Every structure is written in C-alpha cells, then in structure tokens.
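The following paragraphs offer a guided reading of one protein model. Please keep the sequence and the structure in view while reading.

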Amino acid sequence: MYLVTVLGNMLIILSVSSDSHLHTPMYFFLSNLSLADIGFTSTTIPKMIVDIQTHSRVITYVGCLTQMFIFVFFGCLDNLLLAVMAYDRFVAICHPLYYPVIMNPQLCGLMILVSLFISLLVSQLHILIVSQLTFFTDVEIPHFFCDPSQLFNLACFEIPTSNILIYFAAAIFGGVPASGIIFSYYKIVSSTLRVSSTGGKYRAFSTCGSHLSVVCLFYGTGLGVYLSSAVSHSPRKGAVASVIYTAVTPMLNPFIYSLRNRDIKRAMQRLLNRTA
C-alpha cells in the first residue's frame with residue numbers, strides 16, 4: 001500500500017513536470033499535492049512497517065515530537081492545497097477570460113509559499129504546546145503513530161489554555177480552508193447552472209470532478225476519524241480509522257486524478273513509453 005502511494009504520486013509529479021502541456025496552475029498545484037501526500041503517508045507508515053517487522057513499538061520522546069511535527073505539517077499543507085486548488089477551479093470556471101491574468105506564476109508560487117508557512121506555523125504551535133505537557137516515563141500510546149490528540153490524553157494533567165489554543169488553531173487553519181472550498185464550489189455551481197447548454201455544464205463540472213472527489217475523500221475520512229474517536233473509546237477502532245485517513249486517502253488520490261483526467265492519462269502514457 002505504501003509503495004503504491006509513493007509510486008502513484010511520483011508518477012503524477014513526473015508526468016506533470018515532463019509534459020509541457022501540463023505546465024498550468026491546476027497541474028502545478030496537483031504536483032504539489034502529490035508531493036505533500038508522499039510526505040504525509042511517509043511520516044507514519046514506514047515506522048509502522050518497521051515496528052511490525054522488528055516486533056518493537058518503541059519511540060523516543062524526541063522522535064515522537066518529530067513525527068508529530070511532520071505529520072501536522074503535511075496534514076495542514078494538504079488541507080491548504082485543496083483550498084488553493086478550489087480557488088483555481090473557481091477562477092477558471094467563473095472568470096475564464098481573466099484566468100491567465102489572475103492565476104499568474106507569481107501568484108501560484110506565492111500561494112504555495114504561504115501554504116508552507118502556515119503549515120510550518122501550525123506544526124510549530126503543536127510542538128510548543130505538547131512540550132509544555134508532563135508525561136510519565138514509559139508511556140504507552142494506544143496508536144500506531146504519535147497522534148496529537150492521543151498525547152494530550154496521556155498527559156499527567158490538562159492545561160486548559162493548551163486545549164483552547166489547539167481547538168482555536170484547528171478552527172482557524174482547518175475551518176477557513178474548508179469554508180473557502182465550500183464558497184468556491186457554491187460560486188462554481190451557481191455559475192454553471194446559468195449555462196444554457198448541457199455540454200457546457202458537463203465540461204464545467206468535469207474540470208473539477210477529480211478535485212471534488214479528493215476533497216470529499218480527505219474531509220470525509222478526517223471527519224470519520226474525529227467522530228470515531230469521539231463516539232467510541234476503543235483504541236483499535238481509532239487506529240483503523242486513522243489508517244484509512246493516513247494511508248488509503250493518499251493512495252487513492254493518484255487513481256482519482258489519473259482515471260478521471262484525460263490529460264494526466266496521456267502524459268502518463270507518454271512518460272511510460274519514453275522510459276520503456
């Protein structure tokens with residue numbers, strides 16, 4: 001599963017970079033999303049595979065903080081990139097004549113840099129809060145990776161300010177991108193419904209079908225992890241839900257974009273023929 005995730009996302013990155021026809025904002029953001037997916041799943045799955053093979057489930061305090069930092073960083077980056085891609089589709093469908101002017105290379109690069117900076121800020125905030133907590137020695141984490149929520153539950157005592165900060169950060173850096181995605185698709189649907197021809201409506205919806213599928217998969221599994229941990233107190237069920245969120249979702253993204261996108265399929269075919 002991990003190899004399929006890495007190879008699938010790497011194939012998208014190589015296809016976009018090797019085909020000049022795909023040097024557009026939409027595929028530029030897609031290649032960055034694939035890179036973020038590789039980092040996101042590489043944070044947890046290789047360590048889990050090593051633990052299974054060696055029958056050792058030990059991680060140091062520094063290693064746990066490092067894993068949590070990288071996990072939060074790439075998770076937040078995934079979230080922001082999906083919002084950026086939704087804005088790209090909004091401009092392409094609602095303002096097609098101004099699309100080359102608005103989505104210029106400078107703005108696209110700035111969006112990526114801002115997303116990286118915000119993700120770095122959020123992950124650093126998690127590290128600062130967790131480092132203020134006190135834990136017993138030889139604590140057992142009922143999970144296959146250092147999930148921030150599990151670390152808060154294992155602390156010797158709760159810090160109300162820390163909980164408030166975490167929920168505030170989640171509401172801002174998680175809710176704002178989600179709101180941006182919802183608003184973008186609201187405008188897209190409103191603009192598309194005003195198109196008289198059926199073919200025009202189909203073309204408009206087909207250009208954002210892959211992105212919408214990935215958004216539903218990302219937020220759907222994330223919401224499932226949250227609800228399963230809130231409703232059920234079984235660590236096993238929470239771990240299973242987290243596997244779907246951290247491993248299955250990044251693995252399915254390349255299939256969604258390659259199966260529903262003719263340009264990506266043609267670019268992949270040319271890349272494979274060239275290497276063969």
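A search of the whole structure finds one cavity of 30 Å³ or more. A cavity here is a set of points on a 1 Å grid over the protein atoms alone where a 1.4 Å probe fits but cannot get out. Rolling a probe the size of a water molecule over the atoms shows where empty space is left. The volume of the largest cavity is about 50 Å³, a volume being the space filled by probe spheres set on grid points that are joined across faces, edges and corners.

The model is predicted, so local features need pLDDT of at least 70 and side-chain atom pairs count only at pLDDT 80 or more, while totals for chains, interfaces and linings use all residues. Residues are numbered from 1 along each chain as its sequence is written, and side-chain values use heavy atoms, with hydrogens and water left out.

Which residues line the largest cavity? They are Leu33, Asp37, Phe40, Asp78, Leu82, Val214, Phe218, Thr249, Pro250 and Asn253, where a lining residue has an atom within 4 Å of a point. Two or more residues of this lining come from each of helix H2 (25-42), H4, helix H10 (209-231) and helix H11 (235-260). By class, the lining holds six nonpolar, two polar and two charged residues; Ala, Val, Leu, Ile, Met, Phe, Trp, Tyr, Cys and Pro count as nonpolar, Asp, Glu, Lys and Arg as charged, and the others, Gly among them, as polar.

The wider architecture comes to twelve helices and zero strands. Both are DSSP runs numbered from the N terminus, helices being H or I with at least four residues and strands being E with at least two. Of the 276 residues in the protein, 44% are buried, a term for under 20% relative accessible area, with exposed meaning over 50% and partly exposed in between (1.4 Å probe, protein chains only).

Leucine 212 lies in helix H10 and is partly exposed, with a relative accessible area of 36%. Its C-alpha atom is 9.2 Å from that of leucine 82, although the two are 130 residues apart in sequence. Another link across the chain involves histidine 21, in the loop between helix H1 (2-18) and H2. Histidine 21 is exposed at 63% relative accessible area, and 8.4 Å separates its C-alpha atom from that of aspartate 263, 242 residues away along the chain.

Two packed helices are described by the angle between their axes and the distance between the axes. H4 and helix H6 (residues 105-131) pack at an angle of about 145 degrees, and their axes are 8 Å apart. Axes are lines fitted to C-alpha atoms, for helices over the stretch in contact, and angles run from 0 to 180 degrees between N-to-C directions. The contact of H4 with H6 has 20 nonpolar, six polar and no charged residues.

H4 also bears an aromatic pair, tyrosine 87 and phenylalanine 90, three residues apart in this helix (residues 61-94) and therefore separated by about one helical turn. Rings of Phe, Tyr and Trp (its six-membered ring) pair if their centres lie within 6.5 Å; planes under 30 degrees apart count as stacked, over 60 as edge-to-face and the rest as tilted. By this rule there are five aromatic pairs. Phenylalanine 73 and phenylalanine 74 form an edge-to-face pair, 5.1 Å centre to centre with 80 degrees between the planes. Phenylalanine 73 is buried at 14% relative accessibility, and phenylalanine 74 is buried at 19%. Tyrosine 87 and phenylalanine 90 form a tilted pair, with 6.1 Å between centres and 40 degrees between the planes.

Methods
On a 1 Å grid over the protein atoms alone, a cavity is a set of points where a 1.4 Å probe fits but cannot get out, and a pocket is an open set with protein on both sides within 12 Å along at least five of seven lines; lining residues have an atom within 4 Å of a point.
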